[in-house]
Number of protein chains: 2
Amino acid sequence: MKALERHLEERRAQHLEQLIEWLSIPSVSALSEHKSDVRRAALFVQNALTTAGFEHAEVMETGGHPVVYADWLHAPGKPTVLVYGHYDVQPADPLHLWETPPFEPQIRDNQIYARGASDDKGPTFMHIKALEAILRIDGHLPLNIKFCIEGEEEVGSAHLSAFLEQHKTRFAADLVLISDTTMLGPDQPSICYGLRGLAACQIDVRTANSDLHSGLYGGAVPNAIHALVELLDTLHSKDGTITVDGFYDNIEGLSAEERKAYAELQHDDKAYQASLALTALHGEPGYSTLERLWTRPTLEINGIYGGFQGEGTKTVIPNEAHAKITCRLVPNQNPEDILNKIKAHVEAHTPTGAKVTFTPMDSGHPYLAPYDHPAIQLAANAYTHAYGVKAAFTRMGGSIPVVETFSQLFHIPVVLMGFGLNDENFHAPNEHFSLVNFDKGLRTLCYYYKHLPDALSPQSL
Amino acid sequence: MKALERHLEERRAQHLEQLIEWLSIPSVSALSEHKSDVRRAALFVQNALTTAGFEHAEVMETGGHPVVYADWLHAPGKPTVLVYGHYDVQPADPLHLWETPPFEPQIRDNQIYARGASDDKGPTFMHIKALEAILRIDGHLPLNIKFCIEGEEEVGSAHLSAFLEQHKTRFAADLVLISDTTMLGPDQPSICYGLRGLAACQIDVRTANSDLHSGLYGGAVPNAIHALVELLDTLHSKDGTITVDGFYDNIEGLSAEERKAYAELQHDDKAYQASLALTALHGEPGYSTLERLWTRPTLEINGIYGGFQGEGTKTVIPNEAHAKITCRLVPNQNPEDILNKIKAHVEAHTPTGAKVTFTPMDSGHPYLAPYDHPAIQLAANAYTHAYGVKAAFTRMGGSIPVVETFSQLFHIPVVLMGFGLNDENFHAPNEHFSLVNFDKGLRTLCYYYKHLPDALSPQSL
């Protein structure tokens, strides 16, 4: 380990330079104008993998944004790990709130600021560099490695499932390893063993065949914004409970053991509220903050728009209004079923004079891992090696639809080793990634890869 | 009259060419990027008035967009008419719904299509041309004329009141004449004797200090869009009644006589609904469509925005959401009082975890004219001369704040002779103005100006 760690120190500046080059590519998968940037980011990965010493590096077509594959398969009899990551990033708007431009990475206070720094280019890059270090120092890897770095994670991994099905043999492995989750805190590494799923939709309301003058028509005709507001306000009760019929069906209650474990993490609601400058926290009654975040589903309106948005006033009765919605799902909730229930709710609550269109969009299943698996237990030891503290076992409120995809397709454990922090503004302006976790994370990963073959007895595979 | 009408026929093509030149100037008063266009439109008016034979034409500063003044005061002992109009126009968005660009006027099917064609460049232009015709044919006018053509009507005439107060002597007159209202139908001229007032505001909701990731925070923190939706949905009951405390205070009920007069106009609700492609009309219970439009107040959300509005999905919990609102007011409602009541409502209904800012904006008082005044009765005769049918006496749902300003400042009657039609899409894409009403309207105005001195006995002034 000493030689490895010295190697990582010597190459640190060079590694950061390469990461900055990658972060400079605005690979926003949601926006079609960035299509060629997304591909450029894929080519960067292919090149980085080849340079690191991997073979068969290939940008593979999926029907959407491509997947980058590479492998190193010269450890016969040893386990094969499939490393998953994504090179696409969230849209960067609102741009005016960024202190430095989202695609001009800058290091300040030992943090690297850029869209994608924390989610997920930084952590993905660390796997490449940890394995490259082992290859350079040892001349070989102690196990077999395959990479699957995709470009559609931020838009629901629309093509990945069919793509993996089609190339099932090429991607076959004993274990999937992903770094796209967060640690519990800067000094508290954690192993995430549960993720929420996702179900997205759009609601479009239309009324008259044209915008209308509010003086001439006001009082006698429906207003699309009024209709949308009335409709959206039926989705939650005032206390935060989701009122879509059947939304909570089949969700298992929390065990006393889980409630106890989460309570022991001593989440500080006051500090949490203060850090977000909120006048109050708000969520489903009867659950603590961690329970709400990790074990309860949500229905969030992510965007709303209609009518006049410019300076001043415009006396118009808008004939169109729109809302974008995503739900976070927990085990036993099925995205298709949830979208159907929302659709039925929307149809049952369509206001007078409005025509409502419901469009289902991305979806992903929730996931719960077998957390007593040796590959998951080893992850805890790896963190302890690099951070000097015991890793906590947690769940997470976010969604990685592919986790469920890998689980369903390959029937193998998915290990989630996160290095991001919750306050690193991924999906918001001023996204950043801590270089403390970049450095310690590289050591954690080196330890993990070196010890995995011994931890995994043939029976546990 | 014959010579006048022949003159108007001969000059028709030339008049339309001039009007098209004026309509080509995007004088959008609400948008600061069009400031110089607004001034260009004022200079056009100054030039058109001078060419027509008026004197002292001047672009006068107001602190906002300028007012254009001109006069012809060579009829001592005769009444003085102040002609009011406006050269500013509504914003043209959404641009993609225009069949031809809003500022590239086009004549199709005897309609002129352009932003401002009907509201209010077309009708304002007709006054200039009717009086120019009389000057050319008779060599003089039968009465004194002053023009007050402003550039802030579409943004609530913010500076006009103080401006007129400051130049009270210059603008003093016996009568104000305005063409900025609509006729009841293409073959049914009408004299409008009542207008609704206006009260505008903006509501801004803020929650956390940044947009948040819906996976990591979803379920535990407030969402600014949810808060805005919850707040806005408290402004109306489901049936369309406004639920702001005290909103309807002091409004006089409709007299049996008025209800009968409006019922006799036989408004066709079915055809009205069909023409707007609506699945239902929607408004305050207990009132007919005309009663709702002319005699009842409204509260309309004109615009709403917050969070992600791009393609695809973005799993964000927005920390800001915004709404723009305007109310139409009826006699005995005071704009400041109504805005205070909405503010109090907003404060009383602020949802958990939200910070709400209320910003009052434009306002204007409602107006009811003395409709037995001879200058108003003569207007009916002028329409009968040009259209061959009796003019109806109506009220209108729109607002012209300056009508109340003129009424309060000069204590003189305001005569509203409209030539627009309700389906001419002012304030919406594809605004147009009927050239039938352009032609007949010019004749109506010539008749009116020629006969006004006789109709107005010294006692009636």
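Let me begin with B:Lys341, which is buried in this predicted model, its relative accessible area being 19%, a value that falls in that class because buried means under 20%. Its partner is B:Asp249, and the salt bridge between B:Lys341 and B:Asp249 has its closest N and O atoms 3.8 Å apart. Because B:Lys341 sits in helix α11 (residues 335–348) of chain B while B:Asp249 belongs to the loop between α7 (224–232) and α8 (256–264), this pair ties together parts that are 92 residues apart in sequence. B:Asp249, for its part, is partly exposed, with a relative accessible area of 41%.

Turning now to chain A, we find A:Lys341 in a salt bridge with A:Asp337, where the closest N and O atoms are 3.0 Å apart. Both of these residues lie in helix α12 (residues 335–348) of chain A, separated by 4 residues, or about one turn of the helix. A:Lys341 counts as buried at 18% relative accessibility, whereas A:Asp337 is partly exposed at 33%.

Another pair within a helix is A:Arg40 with A:Asp37, whose side chains meet in a salt bridge at 2.9 Å, N to O. Helix α3 (residues 35–52) of chain A holds both A:Arg40 and A:Asp37, which are 3 residues apart, about one turn of the helix. Here A:Asp37 is the buried partner, with a relative accessible area of 12%, while A:Arg40 is partly exposed at 43%.

Finally, for the wider picture, a network of salt bridges links A:Lys129, A:Glu132 and A:Arg136, and over all chains the structure holds 38 salt bridges.

How values were computed: Residues numbered from 1 in each chain as written. Chains lettered and ligands numbered in written order. Predicted model: local features only at pLDDT ≥ 70, side-chain atom pairs only at ≥ 80, totals over all residues. Heavy atoms only, no water. Salt bridge = Lys/Arg side-chain N within 4 Å of Asp/Glu carboxyl O. Helix = DSSP H or I, 4+ residues; strand = E, 2+ residues; numbered from the N terminus. Buried < 20%, exposed > 50% of the residue type's maximum accessible area, 1.4 Å probe, protein only.
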